[in-house]
Amino acid sequence: MLLSKSPFFCPPIRELSNFSCHEKSRVQFLVNNKNNINITKAAFNNGNLAISSNLEAPVGLIESGKGIGILQFFQGKNIFITGGTGLLGKVLVEKILRSTPVGKIYVLVKADDREGAVDRIAKELVSSELFRYLEEKHGNYYQEFIRETLIPVVGNICEPNLGMDSDSAHAIIENVNVIIQSAAITTLNERYDVLLETNVTSPQHLMSFAKTCKDLELLVHISTVIIAYVNGEKEGIILEKPLIMGENRRNDICETSQFPRLNIADEVNMVALSSRTASSNYDMTKDMKRLGMERANLYGWYNTYHLTKAMAEMVINERRGDIMVVVIRPTVIESCYKEPVPGWIQGNRMFDPVIVSYGKGQLPAFLGKPDSLMDVIPLDIVVNATIAAIAKHGYMQKSELNVYQIASSVTNPLRYSEFFEYLYEYFSSEPLIESESLIRVNYYDYIEKIKYFDNFNDFSKYTREEISRRVGGGNAVATKKAQMQCRAKIMYAEHLCKMYEFLGLFKARFDAGNTQKLLYEMSKEEQINFDLDVTKIEWRKYFQEVHIPGLRKHVLNERIIYV
């Protein structure tokens with residue numbers, strides 16, 4: 001769909017008005033027992049944080065430990081999900097099918113026809129290792145169960161009515177009780193026009209469709225806490241607050257400044273006009289990536305992806321009307337911790353390029369501070385929290401929007417110094433190898449500990465010298481091929497760390513108070529079957545025994561691709 005046909009597209013708009021912030025609110029929530037601290041009233045004012053040594057239960061609970069009623073809520077419920085073939089979507093679909101008495105799950109699939117959609121579901125979900133335990137549970141009746149419960153729907157989130165035919169749309173309108181919006185483009189530096197269309201316009205289409213559903217009880221929007229990462233200095237606690245249309249992050253950085261409101265219609269118009277001036281597709285791609293970064297930086301987000309995901313939340317909040325909405329904001333999602341397959345992950349994503357590069361000896365330094373917190377969350381914990389939140393708010397039937405940040409930086413903090421120490425210990429004894437030749441692929445005889453820099457120029461200088469030393473392509477007698485390989489590895493290391501700079505130098509933590517309330521409201525049985533307790537994660541064990549082995553198996557296949 002052309003952006004000029006977007007529901008946000010309109011003729012040139014008046015001069016933008018200023019946006020003023022009001023005083024930040026306060027929050028009270030439980031923190032990790034292991035650290036024995038409780039942040040009782042954490043105010044954003046001047047980035048100060050008040051910490052008490054007294055543990056307190058989360059305030060505002062309905063009835064602690066009495067149970068949410070997850071299984072009762074999902075009994076016979078029909079669910080419509082977009083992004084069901086993605087990383088989070090797959091695990092969410094599998095968990096609902098395996099652990100709840102759900103009615104039907106309609107999965108929107110981009111395909112040419114129904115046969116193509118059925119084939120994608122069969123290959124990417126039903127026949128995958130991820131669904132192994134579900135197959136074991138149903139035995140000979142597995143295929144029959146899948147045919148009756150998992151319904152592929154041909155469509156496209158970027159099109160009006162989600163690209164569905166009239167029969168499919170009618171079936172969903174008549175029968176669906178819960179909609180889960182999980183589809184998005186997650187590439188950090190994608191073209192601005194592409195991200196706007198998929199991450200911003202598509203949620204608007206979905207919300208319009210949701211309003212036609214006769215028995216809809218709530219809509220779930222999968223977002224990300226990285227919309228709260230600010231391109232500037234910010235400390236304290238990031239609250240579970242909805243984003244309001246027009247917000248920007250510049251006023252969060254400097255509360256005395258008055259930056260213009262973020263106007264989505266203006267952004268869509270700007271992109272549509274800019275696309276007409278490009279002389280080639282190459283120029284269009286370059287111009288759109290540049291424009292996206294410029295607009296993100298203007299409004300205080302670190303990159304175009306962050307900006308468009310923030311816009312998506314604004315659209316959902318602005319257009320929800322009387323629909324109950326639950327926004328799920330996970331932090332950096334990594335592999336499954338326990339279920340259905342420990343270590344399962346799809347694609348070389350998030351921190352995994354850092355892990356692989358370090359294990360190959362191609363990342364001698366990191367652009368970040370060793371005492372900074374890296375907020376990581378296993379995939380299955382995000383899924384369990386999502387299911388619990390659906391059940392809780394499905395019962396309430398209130399026309400409101402609730403935000404759940406699925407995070408670890410407050411309840412079970414992990415510092416970069418600890419993360420890289422775990423990598424050092426692991427790769428010192430388990431070096432990366434070629435799956436066939438069993439040849440070690442790092443470029444020196446032993447793993448070295450990472451060096452930290454908070455200045456890119458210092459980082460770059462050290463990285464160039466160290467990679468040249470390790471690879472041997474920096475001296476005058478090195479072959480031209482070796483010199484080219486050396487330069488390529490240096491450029492990759494610099495690009496990688498620059499891309500993750502916002503994580504390595506980020507100072508704030510993420511409030512997960514609503515998620516903690518979910519945990520305390522769950523019955524003992526629910527806490528076991530839908531475990532979302534972040535405090536139980538042993539980070540050394542997770543990375544060394546679960547995540548890295550899973551990364552090697554499911555992504556690398558023990559075969560390293562050189563960069």
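## Asn-177 and its surroundings

Two residues are in contact when heavy atoms of theirs lie within 4.5 Å. In this predicted model, Asn-177 is in contact with Gly-76, Lys-77, Asn-78, Asp-215, Leu-216, Glu-217 and Leu-218, if neighbours within four places in sequence are left aside. Asn-177 belongs to the loop between helix H6 (166–175) and strand E4. With a relative accessibility of 10%, Asn-177 counts as buried, since the cut-off for that class is under 20% relative accessible area. The side chain of Asn-177 also reaches the backbone oxygen of Asp-215, at 3.4 Å.

## Leu-218 in strand E5

One of the contacts of Asn-177 is Leu-218, which is placed in strand E5 (residues 218–222). Is Leu-218 buried or exposed? Its relative accessibility is 0%, and Leu-218 therefore counts as buried.

Apart from residues up to four places away in sequence, Leu-218 touches Phe-73, Asn-177, Val-178, Ile-179, Met-324, Val-326, Ile-390, His-393 and Gly-394. Leu-218 also illustrates how separation in sequence and separation in space are distinct quantities: Leu-218 and Ile-323 are 105 residues apart along the chain, while their C-alpha atoms are 6.2 Å apart.

## The sheet

Strand E5 is part of an open sheet of 7 strands, whose order is E3-E2-E1-E4-E5-E7-E11 and whose pairing is parallel. At the edges are strand E3 (150–154) and strand E11 (401–406), each of which pairs on one side only. From one strand to the next, the twist averages 20°. In general, the strands of a sheet pair through backbone hydrogen bonds, either parallel or antiparallel.

One pairing may be followed in detail. Strand E1 (residues 79–82) and strand E4 (residues 178–181) run parallel and are joined by 4 bridges. Within this pairing, Phe-80 stands opposite Ile-179 in E4.

## Helices on the sheet

Which helices meet strands E2 and E3? Helix H3 (residues 114–126) lies across strand E2 (105–109) and E3, and runs at about 130° to E3. Helix H5 (residues 142–149) also packs on the sheet and touches E2 and E3. The direction of helix H5 makes about 45° with that of E3.

## The nonpolar cores

In soluble globular proteins, nonpolar side chains tend to be buried together. The largest nonpolar core of this model comprises 104 residues. The residues with the most contacts inside this core are Leu-97, Ile-105, Leu-150, Ile-180 and Phe-419. Helix H13 (residues 379–396) gives the most to the core, with 10 residues.

Ile-180 shows what such a position involves. Not counting residues up to four places away in sequence, Ile-180 touches Ile-79, Phe-80, Ile-81, Thr-82, Leu-92, Ile-96, Val-220, Ile-222 and Ile-390. There is also a second, separate core of 28 residues, which includes Cys-158, Phe-209, Ile-323 and Leu-401.

## Salt bridges

How many salt bridges does the model contain? The count comes to 23. One of them is formed by Glu-129 and Lys-553, whose closest N and O atoms are 3.4 Å apart. Glu-129 lies in the loop between H3 and helix H4 (132–138), and Lys-553 lies in helix H20 (residues 539–556), so this pair ties together parts of the chain that are 424 residues apart in sequence. Glu-129 is partly exposed, with a relative accessible area of 27%, and Lys-553, at 49% relative accessibility, also counts as partly exposed.

Helix H20 contributes to another link between distant parts of the chain, in which Arg-540 of this helix is joined to Glu-425 of helix H14 (residues 416–429), 115 residues apart. In this salt bridge the closest N and O atoms are 3.0 Å apart. Arg-540 is partly exposed, with a relative accessible area of 39%; Glu-425 is likewise partly exposed, with a value of 28%.

A salt bridge may also form within one helix, as Glu-466 and Arg-469 demonstrate in helix H15 (residues 456–471). The closest N and O atoms of this pair are 2.3 Å apart. Because Glu-466 and Arg-469 are 3 residues apart in the helix, they are separated by about one helical turn. Glu-466 has a relative accessibility of 9% and counts as buried. Finally, salt bridges that share partners join Glu-94, Lys-95, Arg-98 and Glu-339 into one network.

Key
Residues numbered from 1 in each chain as written. Predicted model: local features only at pLDDT ≥ 70, side-chain atom pairs only at ≥ 80, totals over all residues. Heavy atoms only, no water. Pairing = 2+ DSSP bridges. Helix = DSSP H or I, 4+ residues; strand = E, 2+ residues; numbered from the N terminus. Axes fitted to C-alpha atoms, helices over the stretch in contact; angles between N-to-C directions. Core = buried A, V, L, I, M, F, W, Y, C linked by side-chain atoms within 4.5 Å. Buried < 20%, exposed > 50% of the residue type's maximum accessible area, 1.4 Å probe, protein only. Salt bridge = Lys/Arg side-chain N within 4 Å of Asp/Glu carboxyl O. Polar contact = N/O pair within 3.5 Å; in protein donor to acceptor, adjacent residues only side chain to side chain.
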